[in-house]
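Good morning, everyone. Please keep the sequence and the picture open while I talk you through two parts of this structure.

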Number of protein chains: 2
Amino acid sequence: MNVHNNVRPNMARLWSMLMRSAEIGATPGGGLNRLALSDDDATMRRQFIDWCVEAGCRIQIDGVGNIFATRAGRDPCAKPVLVGSHLDTQVHGGRFDGILGVLAGLELVHTLNEFAITTKHPITVVNWTNEEGARFEPPMMGSAIFTGHRTPDYAWARTDRHGVTLGEELDRLGFKGTDTLTPDLFDSLFELHIEQGPRLDAEKVPVGVVTGAFTVHGHVIQIRGETGHAGPTPMPSRRNALVAASLVMLAVDEIGWQFHGEEGKSTTTRLKAEPNLLGAIPKFVELNCDMRHPTAAGADAMISAFRKRLPELEERSRCSIEVTESWTYGGVELDKTCTDLVRSAAARLGYATKDLLTEAGHDALHTASVLPATIIFTPCEGGVSHNEKENVTIADIEPGMNVLLQAVLARAKLAE
Amino acid sequence: MNVHNNVRPNMARLWSMLMRSAEIGATPGGGLNRLALSDDDATMRRQFIDWCVEAGCRIQIDGVGNIFATRAGRDPCAKPVLVGSHLDTQVHGGRFDGILGVLAGLELVHTLNEFAITTKHPITVVNWTNEEGARFEPPMMGSAIFTGHRTPDYAWARTDRHGVTLGEELDRLGFKGTDTLTPDLFDSLFELHIEQGPRLDAEKVPVGVVTGAFTVHGHVIQIRGETGHAGPTPMPSRRNALVAASLVMLAVDEIGWQFHGEEGKSTTTRLKAEPNLLGAIPKFVELNCDMRHPTAAGADAMISAFRKRLPELEERSRCSIEVTESWTYGGVELDKTCTDLVRSAAARLGYATKDLLTEAGHDALHTASVLPATIIFTPCEGGVSHNEKENVTIADIEPGMNVLLQAVLARAKLAE
């Protein structure tokens with residue numbers, strides 16, 4: 001197999017696409033607020049499609065708005081290699097999370113065009129709808145539909161905080177496509193992503209080889225106290241749900257610290273209180289929290305250490321504390337053949353690598369259940385992500401981009 | 001002065017009005033959700049006006065929707081005695097808070113009609129707009145405009161959580177009146193109210209003579225941490241604003257317990273977190289809390305004990321914690337002449353009384369700065385209020401109603 005080690009991406013072109021993207025939904029703090037299927041997301045999607053068409057790709061859009069831009073291969077029987085990630089962001093999101101993976105796919109196509117390389121397998125750049133879940137829950141939705149984890153009906157019915165459904169927004173913006181694209185039509189998936197953690201940056205390792213994912217347990221916790229007048233109700237008569245919530249949130253945090261030596265993490269991300277009004281003792285709180293650990297056993301240990309504390313917290317706060325929903329993801333191993341292609345590409349290019357587990361969710365984790373899939377990490381400044389200050393330099397992402405290009409070239413094979 | 005000790009209100013009539021009110025905005029839990037200037041509040045206001053007109057009163061409405069229903073007196077130079085409270089409720093409010101005070105005023109008018117009693121001073125039943133502040137903040141707004149604490153412009157511009165202004169709602173519902181009613185036009189104010197605390201109920205004392213008010217200090221606290229990915233961000237790099245908020249809320253609660261022996265109380269009533277999304281570490285929290293104490297010095301001591309703890313909580317959470325707004329109310333003494341009328345009415349009627357300070361805010365506290373004003377408390381079941389379970393029996397409120405009637409008769413004087 002002839003590997004084009006001298007083929008190099010045009011980093012200035014990739015950067016210029018990233019910076020154009022950074023204008024669409026830009027926040028005053030230097031980040032992006034480009035929620036899934038917002039007007040800004042639609043603008044970015046159209047920009048992406050324009051660029052793909054200019055690069056000679058054929059565009060297909062499925063029923064939940066996943067966009068597939070395909071550069072033809074030479075063998076009509078060879079299935080396309082997917083390369084991509086997502087263009088939507090968090091509310092206080094950064095300029096690179098997800099976006100790098102999609103635009104790196106497009107840069108890969110540009111590079112092949114420029115070097116007049118034809119691969120045996122087609123290459124399909126993909127933008128998954130609503131990876132972040134910051135507007136419509138759950139996250140990683142587009143890839144969940146693609147892989148059959150969820151149905152389109154389920155996705156269409158999801159509502160944002162104003163009661164607008166994902167289906168309505170797809171219709172309004174013209175992104176409810178009619179193409180049917182199923183995993184059996186594809187060969188494999190490669191996702192380039194910033195690490196969103198500090199390890200590569202701290203250790204000055206340019207390429208992260210993601211071999212699998214942390215196990216993540218999420219909980220919805222409902223706390224019921226009793227409302228009453230914030231004035232005359234004597235302290236001993238109170239059952240303030242926010243006091244109970246405070247105890248629970250500190251317990252969640254303490255579990256994270258307790259397992260910190262094993263890389264465990266825990267977070268309360270969201271809180272909703274009722275009636276949440278001046279003058280009234282809070283009667284109800286709903287919390288969302290999650291606990292993450294490199295091993296399934298460790299994640300289970302975190303959860304059971306947490307649950308063991310709840311009766312004591314109920315007693316102290318005189319509120320009921322109930323786990324009403326829980327979910328798990330991760331605990332996935334990525335495809336060894338694909339990660340080996342990543343490792344050997346890095347070796348040929350002279351880049352040091354580090355094997356990592358991803359601690360965040362990625363579309364490739366869903367995809368890994370139906371296709372050979374892998375993730376390549378680039379360093380990012382201080383590991384900061386889901387934050388307007390999220391940052392990378394061209395030098396941070398160039399090794400990952402080169403490795404992506406070489407690994408995908410190896411997988412998609414040069415035409416024979 | 002001839003006191004009509006044998007004049008008695010018709011408790012069945014009063015109860016029937018209370019139960020009619022309890023249908024307008026009824027909640028499944030047996031309470032009321034009748035936010036200020038909602039459709040239900042408008043329905044109740046129109047019902048109240050109809051009843052007042054049937055009872056022969058003249059209706060006047062001022063620019064912020066305060067409703068004044070006046071039963072004429074004999075002396076054209078004598079100023080009316082105000083009797084009233086408010087018809088709006090909390091979201092999970094009870095059926096008696098405020099409502100009792102307004103309908104007791106109307107029952108008083110009915111009773112005088114029935115006994116063909118003409119007083120020297122007119123009697124004006126008043127419904128103050130937006131006492132609760134559960135929809136438009138701050139609370140006690142109508143009385144604040146009446147007394148000149150705030151301007152109508154200020155009130156009209158207040159918005160609810162959907163951005164609708166109080167002025168727009170007054171216009172929509174037809175309650176932006178054109179009558180000018182200022183404190184100098186009135187003689188005094190009597191407000192009958194459920195205690196909203198457990199003391200009268202526990203001690204089986206039928207009448208509370210409110211001599212003044214607790215000092216209440218309120219704080220708005222802003223907590224700034226940093227957002228980031230809830231997955232890969234290592235525990236030591238986190239500045240989770242909800243963790244800091246938990247520490248602050250527990251400190252608020254602990255201060256209340258510390259001063260509990262002196263009747264101090266403290267509450268975190270409201271919390272707003274950002275971005276409040278799955279997957280993101282919370283970066284910002286705004287809390288509302290208040291501390292209440294029978295004495296100004298005690299309330300100050302609570303606040304300073306609380307503030308002293310903040311630097312330690314900042315250090316533990318690595319978030320900034322800032323008191324961005326504070327307000328104070330209460331610390332008011334009510335008019336001795338009026339409270340003496342209440343005490344002597346109770347004595348004549350053979351009811352035991354207990355002197356109390358109110359721990360809640362009441363329109364009469366604003367009014368007390370411009371008019372002789374007093375508050376009469378009735379017991380309420382278990383002291384529960386701002387709660388759908390708030391409850392009284394006819395037997396609980398009959399003594400207060402009788403005392404109100406006799407005290408107002410004494411103040412308004414029989415025609416000579």
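**Where the two chains meet, and a sheet**

Let me begin with strand S8 of chain B, which is mostly covered, since 8 of its 10 residues are buried; buried here says that 20 or more other C-beta atoms lie within 10 Å of the residue's own, while 12 or fewer makes a residue exposed and anything in between partly exposed, with C-beta atoms placed from the backbone. Before I go on, please note that this is a predicted model, in which local features need pLDDT of at least 70 and side-chain atom pairs count only at pLDDT 80 or more, whereas totals for chains, interfaces and linings use all residues. Residues are numbered from 1 along each chain as its sequence is written, and chains are lettered from A and ligands numbered from 1 in the order in which they are written.

Helices (H or I, at least four residues) and strands (E, at least two) are DSSP runs, numbered from the N terminus. S8(B) pairs with S9(B) in the antiparallel sense over 9 bridges, where pairing requires that DSSP finds at least two bridges between two strands. Within S9(B), B:Glu286 is the residue that stands opposite B:Lys272.

Which elements of chain B each supply at least two residues of the side that touches chain A? To set the scene, 60 residues of chain B are in contact with 59 residues of chain A, contact being counted when the C-beta atoms, placed from the backbone, lie within 7 Å. The elements are helix H8 (241-258), strand S8 (265-274) and strand S9 (284-293) of chain B, and the largest share, 8 residues, comes from H8(B).

B:Gln258 has its place in helix H8 of chain B, and it counts as partly exposed because it has 16 C-beta neighbours inside 10 Å. From B:Gln258 to B:Pro294 there are 36 residues in sequence and 14 Å in space, C-alpha to C-alpha.

Turning now to chain A, we find an open sheet of 8 strands in the order S1-S2-S4-S3-S5-S12-S6-S11, with mixed pairing. Its edge strands are S1 (58-61) and S11 (353-358) of chain A, each of which pairs on one side only. S1(A) and strand S2 (residues 67-71) of chain A run antiparallel and are joined by 4 bridges, and A:Arg58 stands opposite A:Thr70 in S2(A).

How values were computed. Contact = placed C-beta atoms within 7 Å.
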